[in-house]
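User: I've got a model open on my screen and would like to talk through its ligand sites and a few backbone oddities. Can you walk me through them?

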Amino acid sequence: GATLRLILGDQLNQKHHWFDSVDDNVTYLIAEMRQETDYVKHHIQKVVAFFLAMRTFKEELSEKGHRFIYLKIGDPNNPQDLAKIIKAYCDATSAERFEYQLPDEYRLDVQLKRIAKSLKIDTHAVDTEHFYTSRYELKDFFSGKKQLLMESFYRMMRKKHGIMVENGQPDGGKWNYDQSNRKKWKGTPEIPHERGFRKDVTDLLKEIEQAGVKTFGEIDPEKFNWPVSRADCLSVLNYFCKELLVHFGDYQDAMHTEEKYLFHSRLSFAMNAKIISPKEVIDKVLEQYHENKENIDISQVEGFVRQIVGWREYMRGIYWKEMPDYAKLNKLENQNPLPEFFWTGNTKMNCLKHAIGQSLTDAYAHHIQRLMVIGNFALLAQLHPDEVDQWYLGVYIDAIEWVEITNTRGMSQFADGGIVATKPYVSSSNYINKMSDYCGSCHYKHTQKQGDNACPFNFLYWNFLDAKKEHFKDNQRMTMMLSLLEKKSASEMEYIREKSAEIIKNPDTF
Ligand code: FAD
Ligand code: SF4
């Protein structure tokens with residue numbers, strides 16, 4: 001009988017077994033909808049990237065003979081809501097069966113289960129065939145354990161999938177080369193710049209605007225640069241392997257005013273939309289490594305493998321283990337609203353100006369900018385994790401809740417009380433100055449702790465530890481910091497509290 005198969009915007013896996021052969025009984029349903037553009041306010045490039053990738057996916061598979069119903073955002077007959085769309089098209093196609101791929105977002109999982117239950121025909125959910133792990137694999141792996149250490153999950157993954165292991169031992173003798181991934185970039189080695197895609201998205205942009213979708217951020221409609229097709233994504237991967245991998249690990253944590261991407265791959269959107277799979281990426285990277293062992297050090301490769309085989313799968317597993325409670329956690333009881341400069345980049349703090357500014361112009365910032373500049377400030381200023389989450393979920397090209405919330409609320413804001421991170425990622429200006437050139441051209445002086453020119457991170461840091469010390473008193477990794485805090489004189493602490501109260505009250509004057 002006739003079957004209707006739903007494909008969500010982040011399920012663009014052409015290698016899924018669904019597409020192994022053409023079946024005339026099957027109709028695929030893809031819908032651009034207000035339900036998805038409106039659950040949070042998104043960066044315009046993110047909306048364009050998803051719609052363009054969905055349209056490209058439909059084109060490419062239609063050419064192979066698969067049948068599609070595709071609803072555009074501006075289509076007057078588009079109900080804009082998943083339940084209504086599914087019901088309408090089950091009827092229209094006289095479907096006797098409805099199938100979908102397991103969504104990666106809790107919100108959609110609940111919704112789809114409810115919809116499936118309400119239909120009067122057979123329904124069936126299948127895996128997306130994208131990740132290395134299944135939804136609850138991490139939960140099972142850590143069952144009965146108190147600490148959910150990424151490192152032990154990562155080693156299990158390396159062994160299970162035979163990635164850089166021989167006889168159960170890691171290649172090169174070490175599992176982790178994190179210690180060597182700490183270089184500052186000072187203009188060399190040169191970063192080769194690719195030409196980019198420069199797609200013209202003027203028409204799509206108009207459709208999105210005319211549909212009334214509210215977005216933020218900037219876009220150059222004649223030079224849209226994110227990969228949206230299989231060929232685009234493979235070319236980004238190829239470019240990464242050939243040109244960037246060789247220095248990836250070394251400069252993974254570096255930041256620079258003139259270089260937004262450094263040696264980062266920019267593959268997160270391609271993978272999160274499932275246009276390419278993590279296995280394809282890892283296989284290609286390892287192939288490049290094995291063919292060029294004399295040029296590429298193992299630490300560069302291991303650093304990259306850890307992000308994808310380790311962190312990415314780990315975050316997904318944590319998400320399914322901890323949701324839905326996770327989305328409400330605020331263990332440090334932070335309450336402050338987001339400063340206006342998160343929407344403008346307009347601040348004298350140079351590191352934030354660059355990291356936020358680039359997020360707004362490019363829908364991208366790399367990991368350390370997200371973690372040690374923007375996230376660091378948000379935590380030190382004790383911003384409410386709900387507001388921080390909404391911002392991160394909206395602004396980044398790769399932001400989908402399963403990977404956004406675990407990184408933001410968990411790793412960066414410590415609002416989960418230490419499920420993901422063993423201690424909060426906070427620092428004074430020291431770290432930022434060590435890893436970037438931001439401080440050199442800043443209005444504030446990274447060396448100063450007091451006075452009008454003192455770097456705000458330098459007092460906010462101690463103020464945060466002071467305000468939250470009760471939360472950390474049993475955390476051994478915080479002992480040293482707390483004992484340094486104890487040594488501060490009463491007058492210094494008074495100054496720290498006063499200055500911090502000023503910036504927390506009026507962040508946009510700084
Ligand atoms: P590269 O540096 O080239 O890394 C390669 C790949 O590794 C990435 O594409 C990504 O798939 C994976 N990866 C690296 N770090 C992580 C991580 N911590 N968690 C999961 N995967 C990782 N990543 C997202 O995909 N979506 C998000 O919404 C997101 N939000 C974040 C929020 C905060 C506060 C922080 C600190 C990190 C967040 N990350 C998120 C992780 C990471 O910053 C991005 O994956 C990365 O910057 C994407 O750029 P890239 O592809 O050039 O990465
Ligand atoms: Fe950021 Fe402080 Fe450095 Fe300025 S001095 S760039 S505010 S860390």
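Analyst: Below we go through cysteines, ligands, backbone and distances, one question at a time. Keep in mind that this is a predicted model.

User: Let's start with the sulfurs. How many disulfides does the model have?

Analyst: A disulfide needs two cysteine sulfur atoms within 2.5 Å. Take Cys233: the closest cysteine sulfur belongs to Cys241 and is 13 Å away, so that pair is too far for a bond. With the cut-off applied, the count of disulfides is zero.

User: Is Cys233 buried or exposed?

Analyst: The cut-off for buried is under 20% relative accessible area. Cys233 has 0% relative accessibility, so Cys233 counts as buried.

User: And Cys442, buried or exposed?

Analyst: Cys442 is one of the residues that surround ligand 2. Its relative accessible area is 15%. Buried means under 20%, so Cys442 is buried.

User: Which helices each supply at least two residues of the shell around ligand 2?

Analyst: The shell includes Asn350 and Cys351, and α12 spans 350-362. The shell also includes Ser429 and Ile432, and α16 spans 429-435. The helices that each supply at least two shell residues are α12 and α16.

User: How do the residues of the shell around ligand 2 divide into nonpolar, polar and charged?

Analyst: Among the residues around ligand 2 are Met349, Ile432, Tyr438, Cys439 and Phe457, and Met, Ile, Tyr, Cys and Phe count as nonpolar. Asn350, Ser429 and His446 are in the shell too, and residues of those types count as polar. The shell divides into nine nonpolar, three polar and no charged.

User: What is the rank by size of the cavity that ligand 2 takes up?

Analyst: Ligand 2 has residues such as Tyr444 and Cys455 around it. The space it takes is a cavity, and its rank is second largest.

User: Over to ligand 1. Which residues come nearest to it?

Analyst: There are 28 residues around ligand 1. The ones that come nearest are His264, Ser265, Arg266, Asn272 and Tyr364.

User: Which residue has a side-chain N or O atom 3.1 Å from an oxygen atom of ligand 1?

Analyst: A polar contact is a pair of N or O atoms within 3.5 Å. The oxygen atom of ligand 1 at 3.1 Å has its partner in the side chain of His367.

User: Which residue offers a polar backbone atom to a nitrogen atom of ligand 1, and which a polar side-chain atom?

Analyst: Two contacts to a nitrogen atom of ligand 1 come up here, one from a side chain and one from the backbone. The backbone contact, at 2.9 Å, is from Asp398. The polar side-chain atom, at 2.9 Å, belongs to Asn407.

User: Now the backbone. Where does the cis peptide bond with omega near -10 degrees lie?

Analyst: That cis bond runs from Thr188 to Pro189. Pro189 is in the loop between β8 (169-170) and α7 (202-210).

User: And where is the cis bond with omega near 5 degrees?

Analyst: This one goes from Met323 to Pro324. Pro324 sits in the loop between α11 (298-322) and α12.

User: Phi of Lys274 is positive. What is its value, and is Lys274 buried or exposed?

Analyst: Lys274 lies in the loop between α9 (268-272) and α10 (278-291). Phi is near 70 degrees, in a residue other than glycine. With 1% relative accessibility, Lys274 counts as buried.

User: What about phi of Phe414, and is Phe414 buried or exposed?

Analyst: Phe414 is in the loop between α15 (401-412) and α16. Its phi is near 55 degrees, again a positive value in a residue other than glycine. The relative accessible area is 5%, so Phe414 is buried.

User: How far apart in space are the C-alpha atoms of Lys206 and Gly74?

Analyst: Lys206 is in helix α7 and is partly exposed at 45% relative accessible area. In sequence, Lys206 and Gly74 are 132 residues apart. C-alpha to C-alpha, the separation is 9.7 Å.

User: Last one: what separates the C-alpha atoms of Ile397 and Ser359?

Analyst: Ile397 is in the loop between α14 (385-395) and α15, and is buried at 0% relative accessible area. Along the chain, Ile397 and Ser359 are 38 residues apart. The separation of their C-alpha atoms is 9.2 Å.

Technical notes. Residues numbered from 1 in each chain as written. Chains lettered and ligands numbered in written order. Predicted model: local features only at pLDDT ≥ 70, side-chain atom pairs only at ≥ 80, totals over all residues. Heavy atoms only, no water. Buried < 20%, exposed > 50% of the residue type's maximum accessible area, 1.4 Å probe, protein only. Near = heavy atom within 4 Å. 1 Å grid on protein atoms, 1.4 Å probe; cavity = no way out; pocket = protein on both sides within 12 Å on 5 of 7 lines; lining within 4 Å. Sits in = over half its atoms within 2 Å of the grid points. Helix = DSSP H or I, 4+ residues; strand = E, 2+ residues; numbered from the N terminus. Polar contact = N/O pair within 3.5 Å; in protein donor to acceptor, adjacent residues only side chain to side chain.
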